[in-house]
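The exercises below are to be worked with the sequence and the structure in view. Each task is followed by a solution in steps.

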Amino acid sequence: MNENNSNNSSSFIKGLFCGILMVFLCLGAALLWYRFESPGMIQASESSAESTEEKQSEQGSEELTEKETEPVSEALELDKTAISEKIGEIEALINGRFLMGTDSSAVEDAIYNGMIEALNDPYSVYYTAQELKTMEESTDGVYSGIGMALSEDKKTGEITVTECFAGYPAARAGIETGDVLIALDGKLFSETGMTMAELVSVIRRGEAEKFTLGLLRDGKELTAEVVRESIEMPTVEYEMLDDQIGYLHILEFDSVTEDQFKSALNALEDAGMEKLIVDVRDNPGGVLSVVVNILDQMLPEGCVVYTEDKDGVREEYTSDRRHQFTKPLAVLINGNSASASEIFAGAIKDFGTGTLIGTTTFGKGIVQRIYTLSDGTGLKLTVAKYYTPNGTDIHEKGIAPDIEVEAENAQEASAESEEPVMTETETASEKEKSTEADSRKKKDTEAASEKEKDSETDSEAETEAVSVVRPDDRQLQKAVEILRKEEA
């Protein structure tokens with residue numbers, strides 16, 4: 001009896017153990033099957049989870065938009081290791097397979113250019129060392145040259161002198177407007193293929209200081225020896241109109257403009273000026289500190305312009321109480337009045353010290369800063385917006401005139417569709433420069449652009465700069481009409 005019970009217990013325990021073992025084996029088999037035989041189910045589950053997270057993310061994004069919280073600027077994070085490896089891979093393919101010749105320097109510059117162009121900002125630019133130097137010369141208003149303007153026939157390649165400034169090297173050497181340049185130092189352009197851009201580069205930056213230019217005038221071949229000099233570009237023109245109304249035309253706000261402006265204003269004052277017209281039409285901009293200093297001569301104490309960067313840091317530029325122009329004033333503007341010109345016009349308008357006449361300005365209200373890199377190349381980045389004294393954001397809007405007067409012909413309308421062609425630079429520490437209007441590097445470096453002008457003049461012209469006022473200039477005539485009605 002006891003033996004039977006013992007056998008039964010032993011059988012029960014064995015059965016229980018086998019049953020438990022079978023359960024574990026089944027569970028293990030099920031898990032293995034689920035893991036290896038049904039990846040689609042796992043992927044679907046993961047996908048579903050991701051979809052849920054994306055939905056939550058989208059809903060959160062919508063809430064942020066609705067609440068109009070401040071946007072967070074994403075930092076640029078590049079995988080430099082991956083980029084280096086990929087460039088190496090492309091370089092190997094080019095070296096091993098590319099049929100044509102290569103220029104390593106040009107390819108390297110193109111990589112840097114591409115990085116900045118990817119920012120999708122037409123005002124942020126990478127400069128080679130030479131391009132940076134040329135751009136800085138254009139904003140300084142002082143550079144080496146011989147004092148003449150050139151044009152090139154794109155079909156024939158003929159290079160013609162369009163203007164030869166009196167008193168400067170080219171004019172002293174006997175070169176005249178209308179002369180066709182055919183050779184440099186005895187080498188004919190028809191043989192060397194020298195373009196106007198190359199000629200301008202040699203004249204401005206070549207090793208030689210003295211050149212012999214071959215000319216063609218009235219079918220006769222002539223030569224002229226010229227010597228390169230330091231040239232100061234005249235950026236201010238002025239004259240006295242009828243009724244003692246002074247006319248002062250600011251072409252650009254370059255580094256030399258402040259002194260030229262003061263000289264012109266003093267000359268008009270000495271001549272008995274009672275009212276003043278300042279013309280900034282077609283003025284593409286210039287040096288920020290220069291326009292601020294000129295406004296300091298014109299306005300009472302106060303903020304003339306301020307900037308704000310991505311972090312909301314505000315910087316104000318002010319005028320003091322020592323100088324102020326108190327006579328009747330009109331300012332001429334149009335669609336090519338950009339950047340520093342708009343700072344000038346905007347401050348005059350907000351202070352209420354003058355009347356703006358013409359058409360709405362270009363609308364360039366962002367600021368760039370130029371950085372000189374360790375190898376002598378440069379980088380210009382948009383770093384802030386600027387606002388008129390009353391806090392008006394004029395970017396892509398422009399400044400409307402107080403009295404709208406359209407140009408007398410379609411020429412201005414056509415010109416106004418173009419971007420400003422001038423880089424605007426303010427001196428800053430560590431070779432950093434704040435700039436405001438300009439388009440692309442192509443236009444910045446246009447010492448020899450499509451019009452390809454080597455336009456140079458000398459400081460001697462500063463005290464007797466006279467603009468040619470067209471009798472059919474409706475905007476100017478309107479300004480004269482308005483000022484005649486105002487009491488001096």
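**Exercise 1. A hairpin and its neighbour**

How many residues lie between β3 and β4 in the hairpin they form, and which residue in the turn has a positive phi?

Solution. The model is a predicted one.
- Step 1: locate the strands. β3 covers residues 148-152 and β4 covers residues 159-164.
- Step 2: look at the turn. There are 6 residues between the two strands of the hairpin, and G157 in the turn has a positive phi of about 80 degrees.
- Step 3: check the pairing. β3 and β4 run antiparallel and are joined by 5 bridges. In this pair, A149 stands opposite E163 of β4.
- Step 4: follow β4 to its other partner named here. Strand β5 (residues 180-184) runs antiparallel to β4, with 2 bridges between them. T160 stands opposite V180 in β5.

**Exercise 2. Strand order in a sheet**

Give the order of the strands in the open sheet that contains β12, and state which strands are at the edges.

Solution.
- Step 1: the sheet has 6 strands, in the order β10-β11-β12-β15-β16-β19, and its pairing is mixed.
- Step 2: β10 and β19 (403-404) are the edge strands, since each pairs on one side only.
- Step 3: take one pair from the interior of the order. β12 and β15 (residues 329-333) run parallel and are joined by 4 bridges. D279 stands opposite L332 in β15.

**Exercise 3. The length and the sides of helix α9**

Compare the span of α9 with the expected value, then find which side of the helix is buried.

Solution.
- Step 1: α9 takes in residues 257-270, which is 14 residues. At 1.5 Å a residue the helix should span 20 Å, and the end C-alpha atoms are 20 Å apart, so the two values agree.
- Step 2: list the buried residues. In α9 these are T257, E258, Q260, F261, A264, L265 and L268.
- Step 3: place them around the axis. They cover an arc of only 165 degrees, and therefore lie on the same side of α9.
- Step 4: turn to the opposite face. The exposed residues D259 and D270 are carried on the face turned away from the buried side.
- Step 5: identify the packing partners. The buried residues of α9 pack against β9 (229-232), β10 (236-240), β11 (245-250), β12 (275-279) and α10.
- Step 6: see what comes after the helix. α9 is followed by G272, which has a positive phi near 90 degrees.

**Exercise 4. The nonpolar cores**

Which residues have the most contacts inside the largest nonpolar core, and which helix gives the most to it?

Solution.
- Step 1: this core has 41 residues, and those with the most contacts inside it are L248, F253, L276, V291, L295 and F344.
- Step 2: helix α10 (residues 288-298) gives the most to this core, with 7 residues.
- Step 3: another core, of 21 residues, lies apart from it; among its members are C164, I175, M194 and L215.
- Step 4: examine one residue of the largest core. Leaving out residues up to four places away in sequence, L276 touches G246, Y247, L248, L265, L268, M298, F325, P328, L329, A330 and L483.

**Exercise 5. Two buried residues with polar contacts**

For Q368 and for Y126, find the relative accessible area and the side-chain polar contacts.

Solution.
- Step 1: Q368 lies in strand β17 (residues 366-372). Its relative accessible area is 1%, under the 20% cut-off, so Q368 is buried.
- Step 2: the side chain of Q368 makes polar contacts with the side chain of K364 at 3.3 Å and with that of T382 at 2.8 Å.
- Step 3: Y126 is in strand β1 (residues 125-127). With a relative accessible area of 4%, Y126 is buried by the same 20% cut-off.
- Step 4: the side chains of Y126 and D109 are joined by a polar contact of 3.3 Å.
- Step 5: compare sequence and space. Y126 and K380 are 254 residues apart along the chain, while their C-alpha atoms are separated by 6.4 Å.

**Exercise 6. The whole chain**

What share of the protein chain is buried, and how many helices and strands does the chain have?

Solution.
- Step 1: of the 488 residues in the protein chain, 40% are buried.
- Step 2: the secondary structure comes to 14 helices and 21 strands.
- Step 3: among contacts with a separation of 6 or more, 72% join residues 24 or more positions apart.

Technical notes. Residues numbered from 1 in each chain as written. Predicted model: local features only at pLDDT ≥ 70, side-chain atom pairs only at ≥ 80, totals over all residues. Heavy atoms only, no water. Core = buried A, V, L, I, M, F, W, Y, C linked by side-chain atoms within 4.5 Å. Buried < 20%, exposed > 50% of the residue type's maximum accessible area, 1.4 Å probe, protein only. Contact = heavy atoms within 4.5 Å. Expected span 1.5 Å × (residues − 1). Arc of directions from axis to C-beta. Polar contact = N/O pair within 3.5 Å; in protein donor to acceptor, adjacent residues only side chain to side chain. Pairing = 2+ DSSP bridges.
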